[in-house]
Amino acid sequence: MPKALITGITGQDGSHLADFLLEKGYEVVGMVRRTSTINFDRIRHIQDRVTIVQGDLLDQVSIIHILQDHHPEEVFNLAAQSFVPTSWQQPVLTGEFTALGVTRMLDAVRTVDKNIRFYQASSSEMFGKVQEVPQRETTPFYPRSPYGVAKVYGHWITINYRESYNLFACSGILFNHEGPRRGLEFVTHKITNSVARIKLGLATELRLGNLESRRDWGWAPDYVRAMWLMLQQDHPDDYVVATGETHSVREFCQEAFSYVGLDWEKHVIVDPNFYRPAEVDMLVGDPSKARRVLGWQPSVNFRELVHLMVDADLAALHQTGNHTPHVG
Ligand code: NAP
Ligand code: G4F
């Protein structure tokens with residue numbers, strides 16, 4: 001039975017990856033940081049099938065011990081401070097988690113077992129002020145937030161450890177991927193959750209920032225499949241994972257509201273409090289390398305993604321007696 005360690009198993013991607021690896025017959029070890037209350041909402045359904053270990057990206061000793069104690073063949077480094085606006089409020093902490101945390105992971109791998117295959121969660125935020133359309137593996141980076149800058153560091157240190165120490169280290173440059181497990185502060189889930197609440201009469205308005213920014217939004221379970229495929233190749237490499245389509249936040253609103261028979265313009269209020277100090281205006285990826293080498297392609301298109309998320313939010317509100325907290 002192959003064994004994999006997932007950092008960030010309590011997050012959106014970590015939980016989907018754990019589902020995927022269990023389905024493939026893996027033994028899954030998940031690293032979680034110590035919190036005063038347990039936040040296993042996304043992995044509750046598989047809690048008795050995964051091994052949970054305590055560790056933190058800030059604490060190299062904990063990472064080394066986890067590798068020594070559990071001997072994984074594959075390590076998926078998904079843990080990070082992943083919310084872009086927070087990276088302006090906590091730029092140093094974001095650098096510690098999202099940049100230096102990668103070095104701590106890589107160096108632990110190098111120290112404990114150089115045969116471990118390593119996946120780094122790189123991001124399309126690295127392209128920032130885009131230098132080429134669509135963005136591909138060779139497009140120069142121009143990050144626009146402390147988060148994006150930290151991810152560029154994580155990306156290059158992964159390549160550096162691959163080249164310096166011959167590690168099987170891959171970096172997936174993933175474009176935005178979404179689903180019902182997405183944090184409520186991210187724009188897609190914020191919109192679909194509000195649409196459901198407005199539809200059920202629990203709210204009347206939705207406050208958003210920049211409606212014109214465009215993203216290449218995909219379906220999260222498709223993207224964890226790409227992560228796994230990267231580690232199954234003969235050689236380590238870096239891949240863009242994206243749908244190749246771009247849509248604005250405005251279009252996302254239109255699709256989500258109209259799906260439940262509402263007019264988005266009657267409910268959406270533009271609130272400058274949600275503007276960012278520097279914006280990534282447009283992202284669209286070219287996934288042709290992932291398609292050609294990994295045989296990867298997305299299974300859910302933009303409209304289906306919006307509908308799946310609205311349906312899930314409506315169902316969740318019905319199930320919880322409408323008590324789902326609203327995150328602004
Ligand atoms: P997420 O839902 O925010 O999950 C982040 C995970 O990291 C959580 O499990 C969190 O634990 C954990 N974590 C944060 N700081 C930690 C620390 N110091 N030590 C240990 N664990 C820590 O993020 P996601 O959407 O699943 O994304 C997964 C990864 O892919 C991230 O690296 C993100 O930057 C990257 N990425 C995401 C996308 C996307 O569209 N989703 C696109 C490109 C790249 P808690 O539960 O304790 O907070
Ligand atoms: O949903 P977002 O917060 O995602 P963002 O900034 O693109 O970052 C996500 O995707 C990255 C991959 O490209 C990941 F690396 C990262 O970890 C994260 O998962 O914002 C998307 C867009 C932005 O342009 C933002 O300005 O939506 C715009 N937006 C407009 N109003 C809003 C809002 N974003 C949020 N979160 N909240 C708003 O009210």
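These are my notebook entries on a predicted model, covering its cores, its two ligands and a few backbone details.

**Entry 1: the nonpolar cores**

I began with the interior and looked up the largest nonpolar core, which has 35 residues, and I noted that Leu21, Val28, Phe76, Tyr119 and Met230 have the most contacts inside it. I then asked which helices and strands each supply at least two residues of this core. The list I wrote down runs along the chain as strand 1 (3–7), helix 1 (12–23), strand 2 (27–32), strand 5 (117–123), strand 6 (168–174), helix 7 (220–231), strand 11 (238–241) and helix 9 (288–294). Helix 7 gives the most to this core, with 8 residues.

I also recorded that a second core, separate from this one, has 25 residues, with Trp217, Trp264, Val300 and Leu314 among them.

To see one core residue in its surroundings I picked Val28 and, leaving aside residues up to four places away in sequence, found that Val28 touches Ala4, Ile6, Ile9, Ala18, Leu21, Leu22, Val50 and Thr51. Leu21 thus appears twice in my notes, as a neighbour of Val28 and as one of the residues with the most contacts inside the core.

**Entry 2: helix 7**

Since helix 7 gives the most to the largest core, I looked up how many of its residues are buried. The count is 10 of the 12, so helix 7 is largely enclosed by the rest of the structure. I listed the buried residues as Ala220, Asp222, Tyr223, Val224, Ala226, Met227, Trp228, Leu229, Met230 and Leu231. Met230 is also among the residues with the most contacts inside the largest core.

**Entry 3: ligand 1**

I turned next to ligand 1, which has 25 residues around it, and noted that Thr10, Asp13, Arg33, Ser82 and Tyr147 come nearest. By kind, the residues of this shell divide into 10 nonpolar, 10 polar and 5 charged. Helix 1, strand 5 and helix 5 (146–165) each supply at least two residues of the shell, and the largest share, 3 residues, comes from strand 5. Helix 1 and strand 5 were already in my list of contributors to the largest core.

For individual atom pairs I wrote down that an N or O atom in the side chain of Ser82 is 2.6 Å from an oxygen atom of ligand 1. From the backbone, an N or O atom of His177 lies 2.9 Å from an oxygen atom of ligand 1, and one of Ala80 lies 3.3 Å from an oxygen atom of this ligand. Ligand 1 taken alone exposes 900 Å², of which the protein buries 90%.

**Entry 4: ligand 2 and Glu279**

Around ligand 2 I found 24 residues, the closest being Ser123, Ser124, Tyr147, Arg276 and Glu279. Tyr147 is also one of the residues that come nearest to ligand 1. The shell of ligand 2 divides into 9 nonpolar, 7 polar and 8 charged residues, and helix 6 (187–199) and strand 8 (206–208) each supply at least two of its residues.

Which residue has a polar backbone atom 2.8 Å from a nitrogen atom of ligand 2? I found that this is Gly209, while a polar backbone atom of Val187 is 2.9 Å from an oxygen atom of the ligand. An N or O atom in the side chain of Arg215 is 2.8 Å from an oxygen atom of ligand 2. Taken alone, ligand 2 exposes 720 Å², and the protein buries 95% of that.

I then followed Glu279, which is found in the loop between strand 13 (268–270) and helix 9. Is Glu279 buried or exposed? Its relative accessible area is 14%, and because buried means under 20%, Glu279 counts as buried. Not counting residues up to four places away in sequence, Glu279 touches Arg144, Asn210, Ser213 and Arg215, and a polar contact of 3.2 Å joins its side chain to that of Asn210.

**Entry 5: backbone details**

Last, I checked the backbone, where the peptide bond from Val133 to Pro134 is cis, with omega near -5°; Pro134 lies in the loop between strand 5 and helix 5.

His71 is not a glycine, yet its phi is positive, near 50°. His71 lies in the loop between helix 2 (60–70) and strand 4 (74–77), and at 55% relative accessibility it counts as exposed. Asn166, likewise not a glycine, has a positive phi of about 60°. I placed Asn166 in the loop between helix 5 and strand 6, where it is exposed, with a relative accessible area of 68%.

Conventions. Residues are numbered from 1 along each chain as its sequence is written. Chains are lettered from A and ligands numbered from 1 in the order in which they are written. This is a predicted model: local features need pLDDT of at least 70, side-chain atom pairs count only at pLDDT 80 or more; totals for chains, interfaces and linings use all residues. Side-chain values use heavy atoms; hydrogens and water are left out. A nonpolar core is a set of buried Ala, Val, Leu, Ile, Met, Phe, Trp, Tyr and Cys residues joined through side-chain atoms within 4.5 Å. Buried means under 20% relative accessible area, exposed over 50%, partly exposed in between (1.4 Å probe, protein chains only). Helices (H or I, at least four residues) and strands (E, at least two) are DSSP runs, numbered from the N terminus. Contact means heavy atoms within 4.5 Å. A residue is near a molecule or strand if one of its heavy atoms lies within 4 Å of it. A polar contact is a pair of N or O atoms within 3.5 Å; within protein, one must be able to donate a hydrogen and the other to accept it, and residues adjacent in sequence count only if both atoms are side-chain atoms. Accessible areas come from the Shrake-Rupley method with a 1.4 Å probe; for residues, only the protein chains shown count as cover. Ala, Val, Leu, Ile, Met, Phe, Trp, Tyr, Cys and Pro count as nonpolar, Asp, Glu, Lys and Arg as charged, and the others, Gly among them, as polar.
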